[in-house]
Protein chains: 2
Amino acid sequence: MRGVGPHASVARMIGAEIETLIRLLARLPGLGPRSARRAALYLINHRETAMAPLAEALAAAAAALKTCSVCGNVDVTDPCPICSDPGRDPATICVVEQLADLWALERTRAFNGVYHVLGGTLSALDGVGPEDLRVPALVNRARRPEVREVILALNATVDGQTTAHYLTDRLAECDVRISRLAHGVPVGGELEYLDDGTLMAALKSRRSL
Amino acid sequence: MRGVGPHASVARMIGAEIETLIRLLARLPGLGPRSARRAALYLINHRETAMAPLAEALAAAAAALKTCSVCGNVDVTDPCPICSDPGRDPATICVVEQLADLWALERTRAFNGVYHVLGGTLSALDGVGPEDLRVPALVNRARRPEVREVILALNATVDGQTTAHYLTDRLAECDVRISRLAHGVPVGGELEYLDDGTLMAALKSRRSL
């Protein structure tokens with residue numbers, strides 16, 4: 001049949017610009033090759049209203065964003081808006097593994113102190129030592145007389161807890177209270193689906209009503 | 001406890017640049033508000049290696065991409081690489097609803113003709129008439145003596161089939177064979193999501209109308 005049949009040679013299907021775009025979109029967490037293609041199609045079909053604004057937003061963010069030299073937060077100013085906010089209490093430092101955790105805590109609006117973003121956890125397996133994290137900076141901050149408490153808000157994973165233990169040792173020399181987040185049943189969680197470790201922790205630190 | 005408790009005022013959590021970025025990312029198909037935040041965090045944490053390249057790729061694509069004046073394909077040249085490829089057979093025009101369908105058909109490598117992207121389907125409900133689609137351009141192309149066949153590769157949806165019937169009427173005046181994709185396309189299915197094998201089978205057993 002005319003016009004139909006396997007190509008003699010593989011035709012160049014789409015332009016290099018589009019291929020690059022799809023490849024970069026596919027690297028985003030939550031987007032696979034297929035959904036990256038869908039996203040690229042959406043952008044191509046909305047060049048004025050979506051593609052150009054996103055390009056500008058990314059370029060603006062890439063140019064403007066700075067890592068806070070005090071706490072490791074990422075924002076457009078250094079020190080970051082949290083560190084330079086006179087309404088925040090510099091006596092309490094909340095140590096988190098990464099920026100995502102800082103954002104999660106800020107969303108709760110339950111914390112009015114300042115942060116310290118470690119940039120990861122210690123990991124013998126991945127060869128991450130204290131010098132790869134912002135540990136010395138944390139110890140320096142904790143030594144300051146105005147600091148009263150360091151909250152270790154690290155993940156309840158093996159690496160997170162190993163890091164918490166290590167930080168507890170390192171911070172022993174500083175005159176600060178060291179605390180960690182409570183373990184327990186997540187709000188809205190069902191006991192039936194909880195792991196044994198969480199249930200045991202919740203039982204141990206039960207509170208009188 | 002010092003430093004912990006509800007804020008007196010709502011703190012500005014993240015910079016306007018980041019908020020804009022998240023808002024634009026959340027508009028992409030496949031990304032909700034939560035995954036857009038994750039994607040933004042990934043980009044923020046990889047400013048040099050991911051954010052800047054994506055900004056450049058988007059800007060380059062937004063600047064370079066053109067809609068082909070012949071077939072409606074989107075690529076960096078006008079006419080598009082398919083229309084201007086001497087290896088493609090201009091005697092067979094494959095009519096598709098949208099760019100995504102053209103990409104899907106190109107991935108099968110089973111079609112060596114040229115395309116015509118309608119830009120949608122007729123829809124009484126959404127008020128889309130023939131003048132909103134590239135129908136007149138299609139009729140003009142089909143009138144040319146070198147064109148032998150028009151394949152209506154529209155979705156097997158009500159709107160797609162309504163459009164196919166309408167196009168069959170409009171193309172009756174032209175001296176062309178009119179065909180449609182074989183059944184094999186699942187009823188209610190959309191080309192964009194079909195596997196290559198089904199698409200190839202559907203192409204091969206297309207029938208005259």
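Buried, in what follows, means under 20% relative accessible area, exposed means over 50%, and partly exposed is anything in between, with a 1.4 Å probe and the protein chains only. By that yardstick E192(B), at 13% relative accessibility, counts as buried. The model is a predicted one, so local features need pLDDT of at least 70 and side-chain atom pairs count only at pLDDT 80 or more, while totals for chains, interfaces and linings use all residues. Residues are numbered from 1 along each chain as its sequence is written, chains are lettered from A and ligands numbered from 1 in the order in which they are written, and side-chain values use heavy atoms, with hydrogens and water left out.

E192(B) sits in the loop between β6 (177–180) and α7 (196–204) of chain B; helices (H or I, at least four residues) and strands (E, at least two) are DSSP runs, numbered from the N terminus. Along the chain, E192(B) and D101(B) are 91 residues apart, yet 5.3 Å separates their C-alpha atoms. E192(B) also helps to line the second largest cavity, along with R34(A), R37(A), R38(A), L41(A), A100(B), R107(B) and Y193(B).

What is a cavity here? On a 1 Å grid over the protein atoms alone, a cavity is a set of points where a 1.4 Å probe fits but cannot get out, whereas a pocket is an open set with protein on both sides within 12 Å along at least five of seven lines; lining residues have an atom within 4 Å of a point. Grid points are joined across faces, edges and corners, and a volume is the space filled by probe spheres set on the points. The structure holds four cavities of 30 Å³ or more. The second largest cavity has about 70 Å³ of space. Its lining draws at least two residues each from α2 (33–45) of chain A and α4 (99–108) of chain B, and α2(A) has the largest share, with four residues. For sorting by class, Ala, Val, Leu, Ile, Met, Phe, Trp, Tyr, Cys and Pro count as nonpolar, Asp, Glu, Lys and Arg as charged, and the others, Gly among them, as polar. That gives the lining of the second largest cavity three nonpolar, no polar and five charged residues.

The largest cavity holds about 110 Å³ of space. Its lining has 11 residues, and those nearest the centre are L154(B), A156(B), Q161(B), R180(B) and L181(B). Here the split is seven nonpolar, three polar and one charged.

Next come the pockets. The second largest pocket has a volume of about 230 Å³. Of its 13 lining residues, A153(A), L154(A), N155(A), A156(A) and L181(A) are the closest to the centre. Both α4 (99–108) and α6 (158–170) of chain A supply at least two lining residues, and α4(A) gives the most, three. By class, this lining has eight nonpolar, three polar and two charged residues.

Helix α4(A) turns up again between two strands. Strands β3 (92–96) and β4 of chain A run parallel and are joined by four bridges, where two strands pair if DSSP finds at least two bridges between them. The chain goes from β3(A) through α4(A) to β4(A) in a right-handed β-α-β crossover, a term for a path that, with the strands pointing away from the viewer, runs clockwise from the first strand over the helix to the second. V96(A) has V117(A) in β4(A) as its bridge partner. Strand β4(A) (residues 114–117) is covered on both faces, with V114(A) and H116(A) buried on one side and Y115(A) and V117(A) buried on the other.

Y115(A) also takes part in ring pairing. Rings of Phe, Tyr and Trp (its six-membered ring) pair if their centres lie within 6.5 Å; planes under 30 degrees apart count as stacked, over 60 as edge-to-face and the rest as tilted. Over all chains there are two aromatic pairs. One joins F111(A) and Y115(A) edge-to-face, 5.2 Å centre to centre with 65° between the planes, and both residues are buried. F111(B) and Y115(B) form an edge-to-face pair at 5.2 Å and 65°.

A few backbone details round things off. A cis peptide bond with omega about 0° joins D78(A) and P79(A), and one with omega about 5° joins D78(B) and P79(B). R109(A) is not a glycine but has a positive phi of about 55°; R109(A) lies in the loop between α4 and β4 of chain A and is partly exposed at 45% relative accessibility.
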